[in-house]
Every structure is written in C-alpha cells, then in structure tokens.
Amino acid sequence: MTQILLDHLSVSSLLDAMAQAILQRLQVRQLALSPIMLVGIQTGGVWIAEALQQRLQQVMELLPMGQLNINFYRDDFSENGLHPRVLPSNLVADIDQVHVLLVDDVLMSGRTVRAALNELFDYGRPASVMLVTLIDLDARQLPIQAEVVGKSLSLLPKQRIKLRGPQPLVIELVDQVEQVKKA
Amino acid sequence: MMDTANQLNAQGELQHLLTIEGLNRQLILSILDRAESFLSISDRSVKTVPLLRGKTVVNLFFENSTRTRTTFELAAKRLSADVLNLNIQTSATAKGESLLDTLKNIEAMSADMFIVRHAQSGAAHFIAQQVAPHVAVINAGDGWHAHPTQALLDMFTIRYFKQDFTRLKVAIVGDILHSRVARSQIQALSILGVPDIRVVSPLTLLPQAVATLPVKVCTNLLEGIEGVDVVILLRLQKERMQAAYLPNGAEFFHTYGVTEQKLKLAAPNAIVMHPGPMNRGVEIESAVADGPQSVILKQVYFGLAVRMAVLAMTMASRHPRG
C-alpha cells in the first residue's frame, strides 16, 4: 500500500529550509566564499541537489553540480547483483580542494553514503564533505550523520519511503511490500 | 552446435559466456547497456571500481593472444579483481587429461573466473562443464568456433555509431572460413535484427555451411560493400596462405583489400571495423585504417567496457538475490 507522505508543496518548503540551513552552516564554518560543489547521489539525491542548487545559486557562487552513481561501489553487489543500467557519474569540475555538499534523498543505513565517499575520493581530494539529506530515517548501521536534514522520521519495520520526481517531488510511504532496498 | 545449456542460470542471467548462440536480443542489449555504464570509468583519474574486489580472475591462455589477454586483464583490474595470467602451450599428448588437471589445480587456488583462449573449438564449453558451481567461464576464443566478447564489442561499436540495428546493411569481408569472430558476429547481427548481412570472401575462404547462415554471399568485393553502413574486415592469417587457400597477400589485397577508392561504394557515412591485429596492405589500405571512417581504435576502447560488463554480470549472476 502506497500513500503520499509529503506532497510537492511540503517537499518544496523543506527544500527552502534546507537551503537556509546550508547557508548558515557554511557561514558558521566560514566557507561561504570558498569553492563549493553540490554532488547528488543518483537518482533521488540528484533531484534534491538540483533543487538546492537552484535555490542557493541565487545568493552564492557554486561550481557546476556533480552526480555520483554508487552502483559500482555498493557493498551488497554479491547479494543483489548488478543494476541493469547505471547512469554514469559525472563531476564536471575538479573536486580537489573543493568543499563538497554531498546530497541524498533518504539517509537510512548510511551504506550509500559510505559508498559515495569511496567513489568521491576516486575523483580527487575534496577539502571537506558535508552531508545533506531530505529525509533522515532513524535506522543507521554506520557512524554517519547528516549535517543538514529536511525532516527526520522513524518508520515501522515494514515501512519504506520513496522519493518520486523529478517534477513534482513527492515523498511516498510504502507499507508492507518488499520494495527495493534503499541503503 | 555445442551444448550451451549452462550458459544461463535459471533466471536467464549470464553465468558463463561461451558463445553468442542461444542469447536473446534482450540479453545482448542488456550487456551493451551495462557496458555503457562502465565506459565513463575509463575517463576518470582513478580508473578502478571495487565491484570484483577479492575475486580472482585467471586468464587461461592455451593460445597466444597478447591483445585479447591484455584487455581482459585490464577489464578485470579495473573491477579490482586479482588477475593471474597463465600461458599454457598445448602439448599434443594427453590434452584432455592435462587440461582437466590444470583446471583442478587452479580451481584449488580459489579462482572465481576462468577466461579461456584455446585453439580447439569447444574448449571453453568443456571447461564450463567441469568447473565448480561458483566459477564463471568466459570464452576468449576457441578454435574456429566463437569469440563472443569480440562480437559483443563489435555490436556495441555499431550501436554507438548507427543506433538502430533493424535498418542496417553490414558486410563482413575476408577469411570467413577460419574466423571465429565472423561466426559470432553473424549470430549477433542476426539476433539483433540486422536485415542485410553480407559475407564477402573468395570461395576458398567460405565455410561449406555458409548456405545455412542468415547471410548473402558475395565473392565480389565491389558488389559486397555497395551501399553498406558497416564494413567489418577480418584479419587474413598468413598461415592460411601457406595452406594454399590463397596465392599471396598482394593478390588478396588487389581483389579483396579495402581501399579508399573502393570504400566510396559503401554508404557515405559507413564505418570501417577490424578486430585487429590488422595487416596493412593485405585486407586494408593504410589510408582506410587511419581514415575518418575507421572506428578501429574505438572498438578497442569500447572492448574494455564490454569485457568489464561481461565479467561483472557473470559474477553477479551466481549469488542468491537478497
């Protein structure tokens, strides 16, 4: 059973608040004038990164947005096999000495982020990486925390959530059915 | 026809790659799609991904082939596998037994994959039947029979430049008789729905069974390449000439060598392919090999991604779905 948990207006206002929070964090860290790049994790993270890029670009300079596809870096390859078609990772600009805002839609176990960090460092050596996520689920399996979170949720064991997009962006709650695992 | 029953698992996924025969269109396209995913890795500064980390891939080459071995080795290394290269010259005595013994010995070292090149048709099939269930076998060329990864990378190249297979005219020119590449190519082109496949060759270099293949036979090069979108040249092997199939290289070049002049008969934007290594001045003029229509080096580049895809897919298929 699927129901809409957050409609596109709610998601949009979460994104507004996240953009504000990112600006604040950058100021606290005195990074507002440093080279900053948003990097979205395929697929949902890219949509969120695009939405944040649009908002942040109005008030600050950003490097071209990057995309990571972590399917070649997953730690569950031996159990879950190979994704049929993996959209390529794409980092237009050099990430050496760049402050990266790593963006995902849902942070759950932390395994996706771990894989993304591994891949990121195969492209270069960022000056720092800050994790940004639309939804933070209380289900961590690794010591990974997001610095900017749109909304924190706790789910029942059989519940999953899923971001639909890119236009409009909607968060769905899926009950019971064994859906594709979101790490 | 060889037994290819164990090439796919119960879910229809690739667990060995022995021949193109028996693969359906969807599976071939899915291999090409995956290869496309791997393509961009070659452009990064760190060119490896950890997909096959901890796996041991053994290049089992009973016949010399530096180029094929190298691309397989590089593909495996780009996937972070450990690679063992074994060049084993076949001894005429006790072939079957020594092959099996060699196999069991390497298997005992916990190998996960064998990439096999052998002068005898069916060698990879034989090995695939003997190995432990967790071991994948990739045929890197067996006798005159098959060279499936070469055919797949050729299909990848054709799709890259021509997109739609169902409108294409493709000519395969050269020694069809001794070519495992040609055999695999014809099967793949036909599965992908290419309506006009031509083989262009002197009668002495055509297999007897050519009439059973889904191809048009041309003994005249000019007729054969007229209007085609893709010209695939095959290497003329010198040892064949010694066996009196042909007078000499110069003679072959005169009749069947593709020159700039003759290439004008093909479609204006036709591409020229060659599996390598090529004999300039025998099957191909240098001006064509280095010309704007040549995609020969692209084939090598794509070949790496296609082999990465095949390696990753055969490994991925032997694990239970979680």
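This is a short tour of chain B, ending at a pair of packed helices.

Keep in mind as you click around that the model is predicted.

**Stop one: the whole chain.** Select chain B and show it as a cartoon. You should be able to pick out twelve helices and nine strands. Turn on the C-alpha atoms alone and they fill a box of roughly 55 × 45 × 35 Å along the principal axes. A compact globule of 322 residues would have a radius of gyration near 20 Å, and chain B comes in at 19 Å, so the two agree.

**Stop two: the inside.** Colour chain B by burial next. Of its 322 residues, 48% are buried. If you draw contacts between residues with a separation of 6 or more, 76% of them link residues 24 or more positions apart.

**Stop three: H5 against H12.** Now select residues 148–162 of chain B, which is helix H5, together with residues 296–316, which is helix H12. Their axes lie 8 Å apart and the helices pack at an angle of about 120°. That angle falls outside the 65 to 115 degrees of a roughly perpendicular pair and is not over 145, so H5(B) and H12(B) count as oblique to each other. Their crossing is right-handed.

Show side chains at the contact. On the H5(B) side, pick Thr149(B), Leu152(B), Leu153(B), Asp154(B), Phe156(B), Thr157(B) and Tyr160(B). Facing them from H12(B) are Lys298(B), Gln299(B), Phe302(B), Gly303(B), Val306(B), Arg307(B) and Val310(B). Colour this set by class and you get seven nonpolar, four polar and three charged residues.

Notes: Residues are numbered from 1 along each chain as its sequence is written. Chains are lettered from A and ligands numbered from 1 in the order in which they are written. This is a predicted model: local features need pLDDT of at least 70, side-chain atom pairs count only at pLDDT 80 or more; totals for chains, interfaces and linings use all residues. Helices (H or I, at least four residues) and strands (E, at least two) are DSSP runs, numbered from the N terminus. The radius of gyration is taken over C-alpha atoms; the globule rule is 2.2 Å times the number of residues to the power 0.38. A residue is buried if 20 or more other C-beta atoms lie within 10 Å of its own, exposed if 12 or fewer, and partly exposed in between; C-beta atoms are placed from the backbone. Two residues are in contact if their C-beta atoms, placed from the backbone, lie within 7 Å. Axes are lines fitted to C-alpha atoms, for helices over the stretch in contact, and angles run from 0 to 180 degrees between N-to-C directions. Angles under 35 degrees count as roughly parallel, over 145 as roughly antiparallel, 65 to 115 as roughly perpendicular and the rest as oblique. A crossing is left-handed if the near helix is turned anticlockwise from the far one by less than a right angle, and right-handed if clockwise. Ala, Val, Leu, Ile, Met, Phe, Trp, Tyr, Cys and Pro count as nonpolar, Asp, Glu, Lys and Arg as charged, and the others, Gly among them, as polar.
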